[in-house]
Protein chains: 2
Amino acid sequence: MKRQGGKKPATLRMVAESAGVDVSTVSRVLNGPPDEVSRAASRETVKAIREWAARLDYRPNPHAKSLRTARSNLIGVLVPRLSDVVLATIYEGIEDAAARHGLATFVMNSHDRPEKQRARTDLALSRRVDGLVLGDAHSDAQLVDEIAARNVPFVLVSRHAGDHPSVTCDDYLGGKLVAEHFLELGHEQVGVIAGEPFASTGIDRTAGFVDRYREAGIDVPVVHSAFDTAGGHRAAEKLLQQGARPTAMFAVNDFAAIGAMGAVRDAGLRPGEDVAVAGFNDIPLAAELPLPLTSVRSPMHEMGKRALEVLVAILGGQEPRSERLAPKLVVRASTRP
Amino acid sequence: MKRQGGKKPATLRMVAESAGVDVSTVSRVLNGPPDEVSRAASRETVKAIREWAARLDYRPNPHAKSLRTARSNLIGVLVPRLSDVVLATIYEGIEDAAARHGLATFVMNSHDRPEKQRARTDLALSRRVDGLVLGDAHSDAQLVDEIAARNVPFVLVSRHAGDHPSVTCDDYLGGKLVAEHFLELGHEQVGVIAGEPFASTGIDRTAGFVDRYREAGIDVPVVHSAFDTAGGHRAAEKLLQQGARPTAMFAVNDFAAIGAMGAVRDAGLRPGEDVAVAGFNDIPLAAELPLPLTSVRSPMHEMGKRALEVLVAILGGQEPRSERLAPKLVVRASTRP
DNA sequence: CGACGCTACCCAAACGTTTGGGGCAATCGT
DNA sequence: ACGATTGCCCCAAACGTTTGGGTAGCGTCG
């Protein structure tokens, strides 16, 4: 019982035989640049070849092509977790742009664990990707340095590390915007839920916030946490138990912010009234929460797209240029008195 | 200025020359089944070959392999949107299982739009995938039938259609569980936010709920909606404006449920007290909401995993067998008086 | 009228595997 | 002692492309 009853896909040779020319001619006509096609065959022959190719539904075999050209047109993408909507959205941007460049991508989760990161890059490399987009760089840049040492073209996205090419949001500025907003509202007791200590996103957002408050002569307590609701919840609990109870909290991630609101409520306080809460990324959910969340919008889709384009530039031999995209504060009820 | 300074990856031939044997021998030793390796070379030769392979860091070239064997070890995955956490989680399950089977996957978004679905499957096919996992089947089964007609091995996940092989949650049962819960709480005026009319998930969940209520002699109004917060919001507004205001609402999707709670609040009512709300899928966020959401837990990760495994079985020539996984009701504050 | 340059092709090698079919000792069965 | 078997290995073709290098025929030019 054979599976695959359909006829095998057409090859260059079949087209060549049908059209009565050599496969090399067909190859040049079908897949060559315009000037090559005109040099390879006469107008009529070109037409005939194209017609036969269409009739036979010819599609170039990517494996043969890759084998011959040593180029896979494949891009490996590494993210901490695809089920994190932030990363998923960035990936959508990458995928869109890749499709536009005739590239295919494949994603892998690293869960921010070094051994997984290493294993997954290895896997990508053994699949012979042309390049990598890394969304899970750690700020110590250790792994990234290793990869760079292997001479694999790559670009970082969302997080930066060392001075490797990256496309990120201006996280420092984002943190600063929140600080300014809080200061305008008159908050003097504030706290930061800073996320994982190895992610440049959390680090920069925190730094921007803290620096701005320091300018105002105020010291800010900082608590690290996981980038999810549970992490935010715990971190907020800690902040609330500290000496001077904060009247406003900045979580470097929307999920952490949601967890923080939960903690505030659990402490018998009203989020948004007793304690203002702001997040980061402005995921679609933020606006739809029972208490709509103030957040810093980061251009996630755009970031993915730009990252892929920077990678394409690198693959094209250009000098890598990092990019930092502008964030935008979106004020909602969670920080409105 | 050459990019790629690193040495080219080792080939079978290099290993063969180093070990002083023929490439065919190396091939059998390195990539053949155990009985073949023992027939191909002596203990010592095997050892020598393995050592050289390791020393040279040999990795088989997947393109050459695929070209020769006409098998790509690639699986294409189609989902409506990867930035939907439900699909992303299912995909994680697929990916995990695929990795365990030595397969690579690549995902694409179809946005539930037929022309995109067609384009994406075409793309996958021209990449010569061995099979497809479809997470975006429409209940009219039109596209799926087309794909089946092309004799491409595939499996549906999350949604079923026609009698094509699929791995789904027992959505009908899930809907029924919610209905029973609502009945126990004494709700007689209820409404369903049913999601998109083309998705078997929404259809079945709704049917299970409605049927159970009908058994109790109660007719239930049903409103369709998008599978997101905005859709849930609008649908809930409609339900609230109807003659007899419902005291409980069942949304076939957690995001829609969150939107519904928003609508309830906007109508000046208290979600969970004036109007109970239940969702479906039990995404991690559900438990962490300010008002924790009652939801039906569907085994998303497991579903992905099983789907991939069914596909592997099909590829292995076995008779396809659909699977329906059990849901579980998780009661939280949003439906507790 | 021979050299030259086009145009429109074809030839063949190469990319790195897998795999069916040998071959040639050494060993075994009788 | 002789043929058959086994253990260990090599040869070569094939998968579907791309690409550097022909070359046959024809028109042009000095």
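A polar contact is a pair of N or O atoms within 3.5 Å; within protein, one must be able to donate a hydrogen and the other to accept it, and residues adjacent in sequence count only if both atoms are side-chain atoms. Keep that in mind for the views below. This is a predicted model, in which local features need pLDDT of at least 70 and side-chain atom pairs count only at pLDDT 80 or more, while totals for chains, interfaces and linings use all residues. Residues are numbered from 1 along each chain as its sequence is written, chains are lettered from A and ligands numbered from 1 in the order in which they are written, and side-chain values use heavy atoms, with hydrogens and water left out.

**View 1. Chain A meets DNA strand C.** Look for Arg28(A), whose side chain has an N or O atom 3.2 Å from a base nitrogen of DNA strand C. Ser24(A) offers a side-chain N or O atom 3.0 Å from a base nitrogen of this strand. The side chain of Thr45(A) instead has an N or O atom 2.7 Å from a phosphate oxygen.

**View 2. The surroundings of DNA strand C.** Here 28 residues lie around the strand (one heavy atom within 4 Å of it). Asp22(A), Leu12(B), Ser27(B), Arg28(B) and Arg68(B) come nearest. Of the strand's atoms within 4 Å of the protein, 54% belong to sugar or phosphate and the rest to bases.

**View 3. Chain B meets DNA strand D.** A polar side-chain atom of Arg28(B) sits 3.1 Å from a base nitrogen of DNA strand D. Arg68(B) has a side-chain N or O atom 3.5 Å from a base nitrogen of the strand. With Asp22(B), a backbone N or O atom lies 2.7 Å from a phosphate oxygen.

**View 4. The surroundings of DNA strand D.** This strand is surrounded by 29 residues, and the closest are Leu12(A), Ser27(A), Arg28(A), Arg68(A) and Ser42(B). Sugar or phosphate accounts for 55% of the strand's atoms within 4 Å of the protein, and bases for the rest.

**View 5. Arg128(A) and its neighbours in chain B.** Is Arg128(A) buried or exposed? Arg128(A) is buried (under 20% relative accessible area, with a 1.4 Å probe and protein chains only; exposed is over 50%, partly exposed in between). Its side chain reaches the backbone oxygen of Arg59(B) at 3.2 Å. Arg128(A) also touches (heavy atoms within 4.5 Å) several residues, including Ser72(A), Pro9(B) and His63(B).

Terms used: Lys and Arg count as positive and Asp and Glu as negative; His and the chain ends are not counted. A salt bridge is a side-chain nitrogen of Lys or Arg within 4 Å of a carboxyl oxygen of Asp or Glu. Lists of a residue's contacts leave out its neighbours within four places in sequence.
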